[in-house]
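Okay, everyone, thanks for coming. Let me put the structure up, and then I'll walk you through one small part of it.

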Amino acid sequence: MYKKCLLTGAMAATLALSGCAQVESKWDAFNEWFQPTEALTSIIKPYRPDTHQGNLVTKEMVDQLHLGMTQLQVQFLLGVPLLRDMFHQNRWDYLYYINPRFGDPEMRRLTVYFDDTGRLTRYEFTPMPDETQADQMILGDKEVFKADNSDLTVVDQAQKAQEDVEQNAL
């Protein structure tokens with residue numbers, strides 16, 4: 001009787017252990033199908049407000065920039081720059097970052113360069129929204145202004161002089 005119980009127990013253990021691989025594969029398949037954290041976050045979305053950081057610079061503000069302006073005039077027009085590098089005192093960076101609740105984050109940049117006397121010599125910028133578009137973006141309308149950040153416009157003395165000559169010729 002003892003040998004019969006031992007043999008039955010050994011066979012039961014062998015069958016149980018051989019089935020562990022199948023149980024494990026079934027468990028993995030269940031875990032791939034049932035994702036409780038993804039299920040909850042697909043139904044219940046936590047509130048995430050729109051994030052606006054940096055200097056809001058509009059197209060009208062960029063249009064008012066003129067080569068030869070002093071640093072105080074530029075600061076009065078655009079505000080205090082977000083980045084003023086210690087090693088490049090003649091370069092100011094105005095950055096604006098928006099991370100909307102839904103959609104991709106956007107970043108806009110305006111960089112102004114001054115000469116040794118503190119006069120504006122050139123500036124470069126990515127496309128900027130106008131005043132109305134900027135207001136609508138802040139209020140939550142995401143489709144008002146979409147710009148490609150790879151389009152960088154550089155305005156320097158030679159380019160501005162050529163534009164002035166062409167404008168006066170008309």
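**Glu124 and its strands**

Let's start with a pairing: Glu124 has Val154 as its bridge partner in S6. Keep in mind as we go that this is a predicted model.

So where does Glu124 sit? It's in strand S5, and S5 covers residues 120-125. On one side of the story we have strand S6, residues 153-155, which pairs with S5 in the antiparallel sense over 3 bridges.

S5 also pairs with strand S4, residues 106-114. Those two run antiparallel as well, with 5 bridges joining them. If you want one pair to look for on your screen, find Tyr113, whose bridge partner in S5 is Arg122. S4 and S5 form a hairpin with 5 residues between the strands, and in that hairpin Gly118 takes a positive phi near 90 degrees.

Okay, back to Glu124. Is it buried or exposed? Its relative accessibility is 9%, and the cut-off for buried is under 20%, so Glu124 counts as buried.

Now, what does the Glu124 side chain meet in there? There's a polar contact of 3.4 Å with the side chain of Arg109, and another polar contact, also 3.4 Å, with the side chain of Tyr113. You've met Tyr113 already, as the bridge partner of Arg122.

Leaving out residues up to four places away in sequence, Glu124 touches Arg109, Leu110, Thr111 and Tyr113, and also Leu152, Thr153 and Val154. And Val154 brings us back to where we began, with the bridge partner of Glu124 in S6.

Conventions. Residues numbered from 1 in each chain as written. Predicted model: local features only at pLDDT ≥ 70, side-chain atom pairs only at ≥ 80, totals over all residues. Heavy atoms only, no water. Pairing = 2+ DSSP bridges. Helix = DSSP H or I, 4+ residues; strand = E, 2+ residues; numbered from the N terminus. Buried < 20%, exposed > 50% of the residue type's maximum accessible area, 1.4 Å probe, protein only. Polar contact = N/O pair within 3.5 Å; in protein donor to acceptor, adjacent residues only side chain to side chain. Contact = heavy atoms within 4.5 Å.
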